[in-house]
Amino acid sequence: MATPIALAIAGSEASGGAGAQTDLKTFHELGVFGCTALTCIVSFDPNNNWGHRFVPVDPQVIADQIEAAASVHSHIDAVKIGMLGTPATIEVVSQALDTYKFPQVVLDPVLICKGQEPGAALDVDNALRAQVLPKASIVTPNLFETQVLSGRGEITSVEQLKDAAKAIYDQGVPVVVAKAGTLLGTGTALDVYYDGEQLEVLEVPAVGSERVSGAGCTLAAAITAQVAKGVAPLQAVRDAKQVVLSSIENRMHGNAPFSYVYQGGASATL
(Lines give C-alpha, C1' and ligand atoms only; values in the text may rest on other atoms or scores of the structure.)
Protein backbone atom coordinates (compact mmCIF):
# COMPACT_ATOMS: atom_id res chain seq x y z
CA MET A 1 0.00 0.00 0.00
CA ALA A 2 1.16 3.54 -0.73
CA THR A 3 2.44 5.53 2.23
CA PRO A 4 -0.19 8.08 3.32
CA ILE A 5 0.75 11.69 2.62
CA ALA A 6 -0.46 14.76 4.47
CA LEU A 7 0.12 18.42 3.62
CA ALA A 8 0.33 21.07 6.35
CA ILE A 9 -0.60 24.57 5.22
CA ALA A 10 0.56 26.45 8.28
CA GLY A 11 2.94 28.94 9.80
CA SER A 12 6.53 28.28 10.75
CA GLU A 13 7.16 28.54 14.49
CA ALA A 14 10.90 28.69 15.04
CA SER A 15 11.08 26.99 18.45
CA GLY A 16 9.59 23.81 17.02
CA GLY A 17 6.87 23.66 19.64
CA ALA A 18 3.93 24.60 17.42
CA GLY A 19 2.98 25.33 13.82
CA ALA A 20 4.22 23.45 10.78
CA GLN A 21 7.18 22.01 12.70
CA THR A 22 4.82 20.31 15.14
CA ASP A 23 2.59 19.17 12.28
CA LEU A 24 5.50 17.39 10.59
CA LYS A 25 6.62 15.72 13.83
CA THR A 26 3.09 14.49 14.45
CA PHE A 27 2.67 13.17 10.91
CA HIS A 28 5.98 11.31 11.15
CA GLU A 29 5.19 9.87 14.57
CA LEU A 30 1.95 8.43 13.19
CA GLY A 31 3.50 6.91 10.06
CA VAL A 32 2.42 9.56 7.55
CA PHE A 33 4.73 11.35 5.10
CA GLY A 34 4.45 15.08 5.69
CA CYS A 35 4.95 18.05 3.39
CA THR A 36 4.38 21.75 4.04
CA ALA A 37 3.33 25.04 2.53
CA LEU A 38 4.37 27.83 4.89
CA THR A 39 1.91 30.71 5.22
CA CYS A 40 3.83 32.93 7.62
CA ILE A 41 6.88 33.09 9.87
CA VAL A 42 6.07 33.35 13.56
CA SER A 43 8.74 33.78 16.22
CA PHE A 44 8.44 34.43 19.93
CA ASP A 45 9.90 37.71 21.12
CA PRO A 46 11.72 37.11 24.43
CA ASN A 47 12.09 40.88 24.86
CA ASN A 48 8.36 41.61 24.62
CA ASN A 49 6.60 39.24 26.99
CA TRP A 50 7.04 36.35 24.54
CA GLY A 51 4.57 37.87 22.09
CA HIS A 52 4.52 36.74 18.49
CA ARG A 53 6.48 38.40 15.71
CA PHE A 54 4.38 37.69 12.62
CA VAL A 55 5.61 37.95 9.02
CA PRO A 56 3.26 36.76 6.25
CA VAL A 57 4.59 34.85 3.26
CA ASP A 58 3.77 36.37 -0.13
CA PRO A 59 0.53 34.81 -1.43
CA GLN A 60 2.13 33.75 -4.73
CA VAL A 61 4.83 31.91 -2.80
CA ILE A 62 2.13 30.10 -0.82
CA ALA A 63 0.39 29.13 -4.06
CA ASP A 64 3.69 27.91 -5.49
CA GLN A 65 4.36 25.71 -2.45
CA ILE A 66 0.93 24.09 -2.60
CA GLU A 67 1.32 23.55 -6.34
CA ALA A 68 4.71 21.91 -5.79
CA ALA A 69 3.43 19.57 -3.09
CA ALA A 70 0.36 18.60 -5.12
CA SER A 71 2.46 18.04 -8.26
CA VAL A 72 5.40 16.13 -6.77
CA HIS A 73 3.31 13.55 -4.95
CA SER A 74 1.07 11.05 -6.67
CA HIS A 75 -1.54 11.61 -4.00
CA ILE A 76 -2.17 13.81 -0.98
CA ASP A 77 -4.59 12.05 1.34
CA ALA A 78 -5.32 14.88 3.76
CA VAL A 79 -4.54 18.52 4.37
CA LYS A 80 -4.21 20.29 7.71
CA ILE A 81 -4.72 24.06 7.65
CA GLY A 82 -3.33 26.04 10.55
CA MET A 83 -2.25 29.67 10.91
CA LEU A 84 -3.20 31.75 7.86
CA GLY A 85 -3.16 35.22 9.36
CA THR A 86 -4.23 37.57 6.55
CA PRO A 87 -7.19 37.84 4.16
CA ALA A 88 -4.80 37.59 1.18
CA THR A 89 -3.41 34.30 2.50
CA ILE A 90 -6.90 32.98 3.12
CA GLU A 91 -7.92 33.83 -0.44
CA VAL A 92 -4.99 32.01 -2.04
CA VAL A 93 -5.51 28.94 0.17
CA SER A 94 -9.21 28.92 -0.67
CA GLN A 95 -8.35 29.01 -4.37
CA ALA A 96 -5.93 26.10 -3.90
CA LEU A 97 -8.61 24.01 -2.19
CA ASP A 98 -10.86 24.61 -5.22
CA THR A 99 -8.06 23.70 -7.63
CA TYR A 100 -6.73 20.52 -6.04
CA LYS A 101 -9.85 19.19 -4.33
CA PHE A 102 -7.98 17.37 -1.57
CA PRO A 103 -10.08 14.50 -0.19
CA GLN A 104 -9.82 15.53 3.48
CA VAL A 105 -9.31 19.05 4.84
CA VAL A 106 -8.79 19.53 8.57
CA LEU A 107 -9.10 23.19 9.55
CA ASP A 108 -7.60 24.40 12.82
CA PRO A 109 -9.14 27.88 12.64
CA VAL A 110 -6.52 30.16 14.18
CA LEU A 111 -8.43 33.44 14.42
CA ILE A 112 -5.95 35.61 16.25
CA CYS A 113 -2.20 35.69 16.83
CA LYS A 114 -0.99 37.24 20.10
CA GLY A 115 -0.12 40.85 19.41
CA GLN A 116 -2.34 41.10 16.32
CA GLU A 117 -4.47 44.25 16.01
CA PRO A 118 -8.18 43.63 16.74
CA GLY A 119 -9.29 45.08 13.40
CA ALA A 120 -6.95 42.80 11.49
CA ALA A 121 -8.17 39.85 13.54
CA LEU A 122 -11.79 40.62 12.60
CA ASP A 123 -10.86 40.74 8.91
CA VAL A 124 -9.19 37.33 9.23
CA ASP A 125 -12.22 35.95 11.08
CA ASN A 126 -14.63 37.10 8.37
CA ALA A 127 -12.47 35.87 5.50
CA LEU A 128 -11.86 32.48 7.10
CA ARG A 129 -15.54 31.97 7.81
CA ALA A 130 -16.53 32.88 4.24
CA GLN A 131 -13.77 31.27 2.19
CA VAL A 132 -12.23 28.31 4.01
CA LEU A 133 -14.68 27.05 6.64
CA PRO A 134 -17.21 25.83 4.03
CA LYS A 135 -14.48 23.74 2.35
CA ALA A 136 -13.33 21.94 5.51
CA SER A 137 -14.09 18.29 6.21
CA ILE A 138 -13.27 18.66 9.91
CA VAL A 139 -12.88 21.84 11.97
CA THR A 140 -11.15 21.96 15.37
CA PRO A 141 -11.84 25.34 17.04
CA ASN A 142 -10.66 26.03 20.58
CA LEU A 143 -13.09 27.51 23.09
CA PHE A 144 -12.58 31.12 21.97
CA GLU A 145 -12.82 30.16 18.29
CA THR A 146 -15.93 28.06 18.99
CA GLN A 147 -17.58 31.09 20.62
CA VAL A 148 -16.73 33.27 17.62
CA LEU A 149 -17.64 30.80 14.87
CA SER A 150 -20.86 29.67 16.51
CA GLY A 151 -22.00 33.17 17.43
CA ARG A 152 -23.19 31.77 20.76
CA GLY A 153 -21.17 34.07 23.01
CA GLU A 154 -19.51 32.92 26.21
CA ILE A 155 -19.46 29.14 26.76
CA THR A 156 -19.24 27.98 30.37
CA SER A 157 -20.80 24.51 30.31
CA VAL A 158 -20.64 21.26 28.37
CA GLU A 159 -24.23 21.72 27.21
CA GLN A 160 -23.37 25.13 25.76
CA LEU A 161 -20.35 23.61 24.03
CA LYS A 162 -22.57 20.96 22.46
CA ASP A 163 -24.96 23.63 21.23
CA ALA A 164 -22.09 25.66 19.76
CA ALA A 165 -20.70 22.60 17.96
CA LYS A 166 -24.12 22.06 16.37
CA ALA A 167 -24.24 25.73 15.32
CA ILE A 168 -20.90 25.41 13.52
CA TYR A 169 -22.04 22.15 11.90
CA ASP A 170 -25.10 24.00 10.61
CA GLN A 171 -22.74 26.27 8.65
CA GLY A 172 -21.85 23.31 6.44
CA VAL A 173 -18.89 21.65 8.16
CA PRO A 174 -19.32 17.84 8.14
CA VAL A 175 -17.41 17.25 11.40
CA VAL A 176 -16.91 19.69 14.29
CA VAL A 177 -14.51 19.10 17.16
CA ALA A 178 -15.18 21.91 19.64
CA LYS A 179 -12.29 22.00 22.09
CA ALA A 180 -12.64 23.15 25.67
CA GLY A 181 -9.61 21.41 27.11
CA THR A 182 -9.49 22.11 30.85
CA LEU A 183 -11.38 25.42 30.67
CA LEU A 184 -14.81 24.14 31.75
CA GLY A 185 -13.55 22.95 35.13
CA THR A 186 -14.40 19.28 34.61
CA GLY A 187 -11.01 18.07 35.80
CA THR A 188 -10.44 16.58 32.36
CA ALA A 189 -9.37 17.72 28.90
CA LEU A 190 -12.79 17.82 27.25
CA ASP A 191 -13.87 18.22 23.63
CA VAL A 192 -17.21 17.78 21.87
CA TYR A 193 -17.47 15.85 18.59
CA TYR A 194 -20.47 16.35 16.31
CA ASP A 195 -21.10 15.10 12.78
CA GLY A 196 -24.83 15.60 12.43
CA GLU A 197 -25.60 12.16 13.87
CA GLN A 198 -23.05 11.35 16.52
CA LEU A 199 -22.63 13.74 19.44
CA GLU A 200 -19.82 12.63 21.72
CA VAL A 201 -18.16 14.22 24.73
CA LEU A 202 -14.54 13.09 24.61
CA GLU A 203 -12.43 13.32 27.75
CA VAL A 204 -8.92 12.35 28.78
CA PRO A 205 -7.14 13.09 32.07
CA ALA A 206 -5.93 16.66 32.48
CA VAL A 207 -2.16 16.95 32.83
CA GLY A 208 -1.21 19.85 35.08
CA SER A 209 -3.02 23.17 35.21
CA GLU A 210 -1.08 25.21 32.66
CA ARG A 211 -1.64 25.40 28.93
CA VAL A 212 1.05 23.75 26.82
CA SER A 213 2.12 25.35 23.54
CA GLY A 214 1.40 23.28 20.46
CA ALA A 215 -1.33 21.07 21.92
CA GLY A 216 -3.96 22.35 19.48
CA CYS A 217 -1.62 21.97 16.52
CA THR A 218 -0.85 18.42 17.60
CA LEU A 219 -4.52 17.49 17.90
CA ALA A 220 -5.41 18.76 14.41
CA ALA A 221 -2.26 17.23 12.89
CA ALA A 222 -2.95 13.86 14.52
CA ILE A 223 -6.54 13.90 13.24
CA THR A 224 -5.15 14.72 9.78
CA ALA A 225 -2.67 11.86 9.93
CA GLN A 226 -5.30 9.37 11.02
CA VAL A 227 -7.86 10.32 8.36
CA ALA A 228 -5.03 10.23 5.79
CA LYS A 229 -4.63 6.58 6.77
CA GLY A 230 -8.34 5.96 6.27
CA VAL A 231 -9.42 6.05 9.93
CA ALA A 232 -13.02 7.21 10.43
CA PRO A 233 -13.29 10.76 11.83
CA LEU A 234 -14.61 9.90 15.31
CA GLN A 235 -11.91 7.30 15.88
CA ALA A 236 -9.33 9.69 14.43
CA VAL A 237 -10.31 12.29 17.04
CA ARG A 238 -10.17 9.71 19.83
CA ASP A 239 -6.71 8.66 18.64
CA ALA A 240 -5.59 12.28 18.39
CA LYS A 241 -6.58 13.00 21.98
CA GLN A 242 -4.33 10.17 23.12
CA VAL A 243 -1.49 11.60 21.03
CA VAL A 244 -1.96 15.01 22.64
CA LEU A 245 -2.09 13.46 26.10
CA SER A 246 1.24 11.73 25.47
CA SER A 247 2.73 14.88 23.93
CA ILE A 248 1.83 16.91 27.03
CA GLU A 249 3.06 14.21 29.40
CA ASN A 250 6.41 14.33 27.55
CA ARG A 251 6.42 18.10 27.20
CA MET A 252 9.59 20.13 26.92
CA HIS A 253 10.76 22.92 29.21
CA GLY A 254 13.14 25.75 28.41
CA ASN A 255 13.68 29.42 29.14
CA ALA A 256 10.17 30.55 28.19
CA PRO A 257 7.44 30.81 30.85
CA PHE A 258 5.53 28.00 29.14
CA SER A 259 6.22 24.41 28.17
CA TYR A 260 5.64 22.87 24.74
CA VAL A 261 4.60 19.51 23.38
CA TYR A 262 6.87 16.69 22.28
CA GLN A 263 5.34 13.96 20.13
CA GLY A 264 8.08 11.35 20.54
CA GLY A 265 6.54 8.08 21.62
CA ALA A 266 2.96 9.16 20.99
CA SER A 267 2.40 6.35 18.48
CA ALA A 268 2.77 3.83 21.29
CA THR A 269 -0.47 5.13 22.79
CA LEU A 270 -2.58 3.98 19.83
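Select T269 to begin: this residue lies in the segment after β11 (259-260). The model on screen is a predicted one. Is T269 buried, exposed or partly exposed? With a relative accessibility of 34%, T269 counts as partly exposed. Now show what surrounds T269. Setting aside neighbours within four places in sequence, its contacts are Q242, V243 and S246. For a sense of scale, add W50 to the selection. From C-alpha to C-alpha, T269 and W50 are 32 Å apart in space, and 219 residues separate them in sequence.

**Helices α7 and α8**

Next select helix α7, residues 215-228, together with helix α8, residues 233-249. Their axes come within 8 Å and cross at roughly 140°. Because of that angle, α7 is oblique to α8. Turn the view to look through one helix at the other: α7 passes α8 in a right-handed crossing.

Which residues make the contact? On the α7 side, show A215, T218, L219, A222, I223, Q226 and V227. On the α8 side, show P233, A236, V237, D239, A240, K241, V243, V244, S247 and I248. Colour this set by residue type, and the contact of α7 with α8 divides into 12 nonpolar, three polar and two charged residues. V243 of α8 has come up already, as one of the residues in contact with T269.

**Helices α5 and α6**

Move to helix α5, residues 143-150, and helix α6, residues 158-169. At what angle do their axes cross? The angle is roughly 55°, and the axes come within 9 Å. The pair is therefore oblique, α5 to α6. Here α5 passes α6 in a left-handed crossing.

Show L143, T146, L149 and S150 of α5, then L161, A164, A167 and I168 of α6, which make the contact. Sorted by type, these residues of α5 and α6 are six nonpolar, two polar and no charged.

Stay on helix α6 and pick D163, which is found there. D163 counts as partly exposed, at 34% relative accessibility. Now measure across to S150 in the viewer: D163 and S150 are 8.7 Å apart, C-alpha to C-alpha, and 13 residues apart in sequence.

**The nonpolar cores**

Hide the helix selections and select L7, I9, I81 and L161. These four have the most contacts inside the largest nonpolar core, which has 44 residues. Which element gives this core its largest share? Helix α3, residues 87-100, does, with five residues. L161 was also part of the contact between α5 and α6.

Centre the view on L7. Not counting residues up to four places away in sequence, L7 touches F27, C35, T36, A37, I66, A69, I76, A78, V79, K80 and F102. There is also a second, separate core of 31 residues, and A6, A78, V106 and L202 are among its members. A78 therefore appears twice on this stop: L7 touches it, and the second core includes it.

**A buried serine in a loop**

Finish at S137, in the loop between α4 (118-131) and β6 (138-139). Is S137 buried or exposed? S137 is buried, because its relative accessible area is 16%, and buried means under 20%. Show what S137 touches beyond four places in sequence: P103, Q104, V105, V173, P174 and V175.

How values were computed
Residues are numbered from 1 along each chain as its sequence is written. This is a predicted model: local features need pLDDT of at least 70, side-chain atom pairs count only at pLDDT 80 or more; totals for chains, interfaces and linings use all residues. Side-chain values use heavy atoms; hydrogens and water are left out. Axes are lines fitted to C-alpha atoms, for helices over the stretch in contact, and angles run from 0 to 180 degrees between N-to-C directions. Helices (H or I, at least four residues) and strands (E, at least two) are DSSP runs, numbered from the N terminus. Angles under 35 degrees count as roughly parallel, over 145 as roughly antiparallel, 65 to 115 as roughly perpendicular and the rest as oblique. A crossing is left-handed if the near helix is turned anticlockwise from the far one by less than a right angle, and right-handed if clockwise. Contact means heavy atoms within 4.5 Å. Ala, Val, Leu, Ile, Met, Phe, Trp, Tyr, Cys and Pro count as nonpolar, Asp, Glu, Lys and Arg as charged, and the others, Gly among them, as polar. A nonpolar core is a set of buried Ala, Val, Leu, Ile, Met, Phe, Trp, Tyr and Cys residues joined through side-chain atoms within 4.5 Å. Buried means under 20% relative accessible area, exposed over 50%, partly exposed in between (1.4 Å probe, protein chains only).
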